[in-house]
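I opened a notebook for this structure and wrote down what I looked up, entry by entry.

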Amino acid sequence: MRLKKNIEKDANPLIMVMSARFQAQKDHETLINALVPIKNLNWELMLLGDGELMPIIKEKVNNLNLSEKVFFEGAVNNVPKYLEEADIFLLITNWEGLPISILEAMAHSLPIIATDVAGVKEEVLNGVNGFLVPRKDSKSITSSILHFYNDRQLAVQMGQKSREHFEKNFTIDIMVENTLRLYKEIIDNKN
C-alpha cells in the first residue's frame with residue numbers, strides 16, 4: 001500500500017478510498033466491476049471496513065487479477081489518515097440516508113464519486129464536488145474515475161468545492177442551528 005497524495009498524472013497512483021461495511025447495503029461488487037476496464041492504469045483502491053461479504057469480494061478481486069491494486073484494510077481506527085492521503089473518495093451503495101463517510105471525506109477536501117441514492121445528493125453536487133452515478137452502473141463509475149485520473153487538477157478543484165460545501169452546510173454548528181430552526185417552525189405551525 002502506498003499512501004501519498006499527488007496530483008501529477010501517472011507520477012504516482014491515483015489513490016481511491018471507500019469506507020464501508022461489506023454488507024448488502026454497500027455495493028463493492030459494482031465498484032470492482034468498474035475497475036476492470038481500467039486495470040492497466042496507475043491507481044490503487046483502499047477498502048476500509050469489514051463484514052460478512054468481504055471474502056466474496058476478495059475472491060472477486062483475485063479472480064479479476066486486481067489484487068495488486070485493491071487493498072482490504074479491514075476495520076481501521078485511523079480513517080482520517082487514509083482520507084488525508086487519498087485523491088478520491090467513493091461510496092458505491094444500494095441505499096443510504098445521509099452518509100457520515102461522505103461528510104468526513106468532504107471535510108478532508110476530497111472529490112466524491114457516489115451512488116445517487118437518498119441523501120447522498122445533498123452532499124454530492126453532481127459536477128461540482130464530485131459525480132453521482134446511478135445504482136449498479138459500473139460504466140458510470142469507470143467514467144467518473146477516468147475524469148479524475150485524466151485531470152488530477154479537476155480532482156483538487158472538486159475537492160476544494162467539497163470542503164466549501166461541508167463548511168457551508170454540514171458543520172456541527174450549522175447542523176444544530178438548522179435542526180433548531182426546523183423544530184421552531186414545527187412548533188410555531190402547531191400554535
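The entries below go from ring pairs to helices, and then to single residues in loops.

**Entry: the model**

I note at the start that this is a predicted model.

**Entry: aromatic pairs**

I looked for paired rings and found two aromatic pairs in the structure. I took Phe-22 and Phe-72 to begin with: their ring centres are 5.9 Å apart, the planes are at 35 degrees, and the pair is tilted. I then checked where the two residues sit. Phe-22 is in the loop between β1 (14-19) and α1 (28-35), and Phe-72 is in strand β3 (residues 70-74). The two are 50 residues apart, and I noted that the pair links distant parts of the chain.

Are these two rings buried or exposed? Phe-22 has 1% relative accessibility and counts as buried. Phe-72 has 21% and counts as partly exposed. The cut-off for buried is under 20%, so the 21% of Phe-72 does not meet it.

I went on to the pair of Phe-131 and Phe-148. Their ring centres are 5.2 Å apart and the planes stand at 45 degrees, so this pair is tilted. Stacked would need planes under 30 degrees apart and edge-to-face over 60, which is why 45 degrees is called tilted. Phe-131 belongs to strand β6 (residues 130-133) and Phe-148 to helix α6 (residues 138-150), so the pair ties together parts 17 residues apart in sequence. I found both Phe-131 and Phe-148 buried.

**Entry: charges over rings**

I searched for charged ends placed over rings. The charged end of Lys-69 sits over the ring of Trp-43, at 5.1 Å from the ring centre. The charged end of Arg-152 sits over the ring of Tyr-149, at 4.9 Å from the ring centre.

**Entry: α6 and α7**

Tyr-149 and Arg-152 came up again when I looked at the contact of α6 with α7. How do these two helices pack? The angle between α6 and helix α7 (residues 152-169) is about 105 degrees, and their axes are 4 Å apart. An angle of 65 to 115 degrees counts as roughly perpendicular, and α6 and α7 are therefore described that way.

I listed the residues that meet. From α6 they are His-147, Phe-148, Tyr-149 and Asn-150, and from α7 they are Arg-152, Leu-154, Ala-155 and Met-158. Sorted by kind, the residues of this contact are five nonpolar, two polar and one charged. Phe-148 is thus on my list twice, in the contact with α7 and in the ring pair with Phe-131.

**Entry: α1**

I checked how much of α1 is covered. Six of its eight residues are buried, so α1 is largely enclosed by the rest of the structure. I wrote down the buried ones: His-28, Thr-30, Leu-31, Ile-32, Ala-34 and Leu-35. These buried residues pack against β1, β2 (43-48), α2, β3, β4 and α6.

**Entry: α4 and what follows**

In helix α4 (residues 100-107) I found Ser-101, Ile-102, Leu-103, Ala-105 and Met-106 buried. What do the buried residues of α4 pack against? I noted β1, α3 (79-85), β4 (88-91), β5 (112-115), α5 (120-123) and α7.

Ser-109 follows α4 and lies in the loop between α4 and β5. Its phi is near 60 degrees, a positive value in a residue other than glycine. At a relative accessible area of 30%, Ser-109 is partly exposed.

**Entry: Asn-65**

I looked up Asn-65 for its backbone angle as well. Asn-65 is not a glycine, yet its phi is positive, about 60 degrees. The residue lies in the loop between α2 (54-63) and β3. Its relative accessible area is 62%, and I recorded Asn-65 as exposed.

**Entry: the loop between β3 and α3**

I picked Ala-75 and Asn-78 in the loop between β3 and α3. Ala-75 counts as exposed at 60% relative accessibility, whereas Asn-78 counts as partly exposed at 26%.

Which residues does Ala-75 touch, leaving out those up to four places away in sequence? They are Gly-49 and Asp-50. I also took two C-alpha separations. Ala-75 and Ala-20 are 55 residues apart along the chain, and their C-alpha atoms are separated by 9.2 Å. For Asn-78 and Gln-153, 75 residues apart along the chain, the separation is 26 Å.

Methods. Residues numbered from 1 in each chain as written. Predicted model: local features only at pLDDT ≥ 70, side-chain atom pairs only at ≥ 80, totals over all residues. Heavy atoms only, no water. Phe/Tyr/Trp six-rings, centres within 6.5 Å; stacked < 30°, edge-to-face > 60°. Buried < 20%, exposed > 50% of the residue type's maximum accessible area, 1.4 Å probe, protein only. Lys NZ or Arg CZ within 6 Å of the ring centre and 35° of its normal. Axes fitted to C-alpha atoms, helices over the stretch in contact; angles between N-to-C directions. Parallel < 35°, antiparallel > 145°, perpendicular 65-115°, else oblique. Contact = heavy atoms within 4.5 Å. Nonpolar A, V, L, I, M, F, W, Y, C, P; charged D, E, K, R; others polar.
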